[in-house]
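Here is a short briefing to read alongside the model. Have the sequence and the 3D view open as you go.

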Number of protein chains: 2
Amino acid sequence: MSSRRATIADVAREAGVSASTASVVFSGKVVVSDATRAKVIAAAESLGYTGPDPRAASLRTGRAGIVAVLFRERLGAAFRDPVNAAMMDGLSDALAPIGAGILLLRDEGPDAPATAPSLTSAPIDAAVLLGCNEIVRASVETVRGRGLPVAVIEGDAGADIPRILLDNREAQRQAAEHVRSLGHRDVAIVTLPRDGARRRGFHDDEAGITVDVTRDRLQGARDVYPDAPAYATAESSIDEGLAAGRVLLAGVRPTAILAQSDMLAAGVIRAAEEAGLRVPEDLSVTGFDGIVVDGLAPYALTTLVQDAAAKGRAAGEAVVAMLEGREPASLTLSCTFRRGNTTAPVSVSAGKALGPRSDSAG
Amino acid sequence: MSSRRATIADVAREAGVSASTASVVFSGKVVVSDATRAKVIAAAESLGYTGPDPRAASLRTGRAGIVAVLFRERLGAAFRDPVNAAMMDGLSDALAPIGAGILLLRDEGPDAPATAPSLTSAPIDAAVLLGCNEIVRASVETVRGRGLPVAVIEGDAGADIPRILLDNREAQRQAAEHVRSLGHRDVAIVTLPRDGARRRGFHDDEAGITVDVTRDRLQGARDVYPDAPAYATAESSIDEGLAAGRVLLAGVRPTAILAQSDMLAAGVIRAAEEAGLRVPEDLSVTGFDGIVVDGLAPYALTTLVQDAAAKGRAAGEAVVAMLEGREPASLTLSCTFRRGNTTAPVSVSAGKALGPRSDSAG
DNA sequence: TTGTATGCGTTATCAT
DNA sequence: ATGATAACGCATACAA
């Protein structure tokens, strides 16, 4: 037994057949006589050959069987967001027919070490870009330069790149309308991060927001409440929402808070409880995403329900279509407004401002 | 311009150099004169060549730059568990030096479609197995058959496979001791899933538990409370803990509940609140993992703190070591007991049993 | 049903 | 510092 691993040629020789015949036994693409197959299998067994080397196969076929997903954040952070979890489910479903695995890639930005696996150097068949910021365009260029299919989820990818969008602005506008219809005029907004830096604080330069989701949802809120204070968080989590809620409930107290995600909304509710406020009697809160916030019961958030799994599925289907030479479909998904028990008509006792009331309804 | 993509040979020809020289310009492994480099870069640019084809490179070098992580569950479920998130952070840190990407693979079991990307057919350099059940051994065989390095996290992998373990039993025993020292005798246990089927309900066949973590932690509890009722959940989540808590608090009410994860413990606390019980006055609760349960404040769980990131890092370091021909290290990590505010001495008013008290302390 | 021939695109080795 | 050569292991078109 040589130290070198057996190849299909070795197996073929051992079995007394040609390499192509042996190859065909493993790929199953051509009919082979049972006798021949048995010989080949036996030879493989005796040589410890466990199947074709994927590297060589992929060079030959031009397919690696891998689709990359590019996250903006640390992998751990991506894992912590339930919306991503649903998206991954949809994506892996859509990829199942072509049997592609999912390669997690992190958008390292320009300061990446050269050794980092990247869109440039990973053996992939296609890529799904996620996250909608300034870097997406560059990433799209990279992948396209390699001649690989790309789909973009919630980002602006440029012409003829299939994109999966959400009606973020319109949906958020609906929630804001709902809140206004309940009589709320003093409203505050808790937003997702505005850019890669993820700094907390009140928004000053809203035109400079580079995260599409953040910008679009904020615009939807602005359509109804052009002057409401908006506070940016560092990520979509309950604790970030809690921190933002504390800030917003400390000063001129709003009667309603529009949060850009359910996780943030859940945090805002905790902040309200902490401040001795009842939700929704003293403070109305809306979320976004329609996920199940583990442990938030008995509250049922008033929120916009999005189908995150559908986003992943659509992106997966788009790259599969392109891989098979078909025309990919772009898609704009709609959110569904769902009224829960966290919004109620403004009450006279609510919104006890610590300072003068600001009338910010548009 | 031909329809075929440019190769390094085309670039070399265009630049008037040899293919090997052009190759070296991209790999940077050998010194090249500035003039030559510039020529090659320019030629590449003009031909739209974006760098070596990773498939061909990996065939030639024998490296794909990809490490697989095998999960037992749906990808979405894996994403929802905070312990996995931390583990991924550690793993990607450890893999950074060799610049390997992370391929998500799901343990499909025997009923997988042939097309599924798997340990057998994915172009990977190594694998990290996670999840400690009956299937791990088969997976190890598969990967080893390919001659690839493997590391196993919290599972029994057989000889000379590096494994990253936690002192689950000892740690859980500590927590149980703590609870006993507080005077608790009527104790119940909420466990992680017992096997792949993930059925909820009281344990009957504890010897038949195939998930190592579940079995080991349960044994630790059994060292102190051999007869405490143990209820299995379907996954580690607050809602599962809530459901289990409801069951356990409905009948003969224990004065303390040992949960096998913090998420489960958080759910148990919610169940207690729901039942009008105060934690820790009426019910003591312990968790496991030491994660930050988003939104659980003001409770600080009494729990066993594990360093999940260290688990991922150790697994990553083990495969990197093997890839570099060094000896990999197995590692057993210890949990640290952390007393929070969810455990207290048993009080005379607590544990108002609906039936007769069962003395189950050992 | 099986075999023959060829090339997928690269990089390591060695010589120059 | 650069170039020539030879694999890397496989899968397909085509011939037999």
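**Domains, symmetry and one buried helix**

In this predicted model, chain A is divided into domain 1 (8-52), domain 2 (66-166 + 307-334) and domain 3 (168-306), with bounds from an automatic or database domain assignment. Residues are numbered from 1 along each chain as its sequence is written, and chains are lettered from A in the order in which they are written. Local features need pLDDT of at least 70, while totals for chains, interfaces and linings use all residues.

**Domain 2 and domain 3 of chain A**
- Their centres, taken over C-alpha atoms, are 27 Å apart.
- Domain 2 of chain A gives 17 residues to the contact and domain 3 of chain A gives 13 residues (contact: heavy atoms within 4.5 Å).
- Between them they bury about 1,200 Å², 50% of it on carbon and sulfur atoms (accessible area lost on being put together, 1.4 Å probe, summed over both).

**The two copies**
- A turn of 180° and a shift of 0.1 Å along the axis lay chain A on chain B with an RMSD of 0.1 Å (least squares on C-alpha atoms of residues with pLDDT of at least 70 in both).
- The two copies are thus related as by a two-fold rotation axis.
- Of the contact residues of chain A, 100% recur in chain B, and the same surface serves both copies.

**Helix 6 of chain B**
- Helix 6 (residues 82-95) is a DSSP run (H or I, at least four residues, numbered from the N terminus).
- Because 12 of its 14 residues are buried, helix 6 of chain B is largely enclosed by the rest of the structure (buried: under 20% relative accessible area, 1.4 Å probe, protein chains only).
- The buried residues include P82(B), M87(B) and L95(B).
- D81(B) caps the N-terminal end of helix 6 of chain B, with a side-chain oxygen 2.9 Å from the backbone nitrogen of V83(B).

Terms used:
Predicted model: local features only at pLDDT ≥ 70, side-chain atom pairs only at ≥ 80, totals over all residues. Heavy atoms only, no water. Helix = DSSP H or I, 4+ residues; strand = E, 2+ residues; numbered from the N terminus. Expected span 1.5 Å × (residues − 1). Buried < 20%, exposed > 50% of the residue type's maximum accessible area, 1.4 Å probe, protein only. Polar contact = N/O pair within 3.5 Å; in protein donor to acceptor, adjacent residues only side chain to side chain. Buried area = accessible area lost by both parts, 1.4 Å probe.
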